[in-house]
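Here is a guided walk through one structure. Keep the sequence and the 3D view side by side as you read.

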Amino acid sequence: MKNIVAILIVVLAVLGFSSIFVVAEGTRAIVITFGKVGQNADGSTMVYEPGLHLKIPFFDRVQRLDARIQTLDERADRFVTVEKEDLIVDSYVKWKIEDFGRYWLSTGGNKEQAEILLKQKVNNGLRSEFGSRTIQQIVSGERSELMDEAMIQASGSSNELGVQIVDVRVKQINLPQEISNSIFERMRAERAAAAREYRSEGQEQAEIIRANVDAKVTVMLADAERNARQLRGEGDAQAAQIYAQTYSKDPEFFSFLRSMDAYRASFNTKQDVIVISPDSDFFRYLNNQSGVR
């Protein structure tokens, strides 16, 4: 009897332990009975919240599923614009399980399988949106609209997976290397052409400015020369007037000074030689017979 009681206690303990399961925080659980998901009276999936719950031992299988928001962030994909230009788009998706029963039936509770299917649906939405826009529209301000439209399209097709797409974001848009090189060469050629045009315009403006400056300098020099000649003429006239006035006051003395200047200029060095008649008027003031009075 003691052995039987001990066995019964052990069996009851095992049954009791097997009928209890715990759902951790951040997860939800569904119970699978003979391959079917447990349902409520209204036909909806019976979802167990975090806490301690009971199940039928050996018949019910508990499937715990992550109820938190997940991030799908894989390698960048290639998309084609309406201009038939390729773009390398790096994006990510925020998603969570909405219908746990449908999610388990469509993916078997496998997160990797769910993300593969979800990625295909999101890429279809992005491919449709990129294919209806030009590169300029995509990079100039329609990215938010593009992501919103892609999320709407992906959400409509992801309901069959039992998941809800929370957000779709495009992190980075790049051109393929060969297209980037082509665009870079074209931009460099355009900038070089613009530089040549600006340089040509600058040279033309420089020639115009130089010609204007040369013309102004020529005019200024001509005006200066004219003024100089006018001043020189006025000075010569004043000098002649002064000489005339001085000569009229004492003609003999003035003649004597002029002769002295002529002597000084004629006999400036010892090598100066002059051949002239002794009784020439040039030696009038050196002749003893005609001294200065």
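What kind of contact do the side chains of R226 and D223 meet in? They meet in a salt bridge, at 3.0 Å from N to O. This is a predicted model, so the contact is computed from predicted positions. Both residues sit in helix α6, which spans residues 177-249. They are three residues apart there, and therefore about one helical turn separates them. R226 counts as partly exposed because its relative accessibility is 48%. D223, at 27%, is also partly exposed.

Helix α6 holds another such pair, R229 and E225. Here the closest N and O atoms of the salt bridge are 3.1 Å apart. The two residues are four apart in the helix, so again about one helical turn lies between them. R229 is exposed, with a relative accessible area of 57%. E225 is partly exposed at 39%. Elsewhere, D73, D90 and K171 are joined into one network by salt bridges that share partners.

The structure holds 15 salt bridges. One of them links D66 and R68, with the closest N and O atoms 2.9 Å apart. D66 counts as partly exposed, because its relative accessibility is 26%. R68 reaches 52%, and so it counts as exposed.

Now turn to the nonpolar residues. The largest nonpolar core has 30 residues. Which of them touch the most other members? They are W95, L118, V122, L126 and F130. Several elements give two or more residues to this core: strands β2 (27-33), β8 (86-97) and β9 (163-174), and helices α2 (100-107), α3 (111-130) and α5 (143-158). Apart from this core lies another, of six residues. Among them are F21, A29, V31 and Y48.

Look at L126 more closely. Leaving aside residues up to four places away in sequence, L126 touches F79, S91, L146, A150, V168 and V170.

Helix α3 also contains E129. Is E129 buried or exposed? E129 counts as buried, because its relative accessibility is 7%, and the cut-off for buried is under 20%. Its side chain has a polar partner: a contact of 2.6 Å joins E129 and R133. Beyond four places in sequence, E129 touches L146, E149, A150 and Q153. L146 and A150 also appear among the contacts of L126.

Definitions and conventions
Residues are numbered from 1 along each chain as its sequence is written. This is a predicted model: local features need pLDDT of at least 70, side-chain atom pairs count only at pLDDT 80 or more; totals for chains, interfaces and linings use all residues. Side-chain values use heavy atoms; hydrogens and water are left out. A nonpolar core is a set of buried Ala, Val, Leu, Ile, Met, Phe, Trp, Tyr and Cys residues joined through side-chain atoms within 4.5 Å. Buried means under 20% relative accessible area, exposed over 50%, partly exposed in between (1.4 Å probe, protein chains only). Contact means heavy atoms within 4.5 Å. A polar contact is a pair of N or O atoms within 3.5 Å; within protein, one must be able to donate a hydrogen and the other to accept it, and residues adjacent in sequence count only if both atoms are side-chain atoms. A salt bridge is a side-chain nitrogen of Lys or Arg within 4 Å of a carboxyl oxygen of Asp or Glu.
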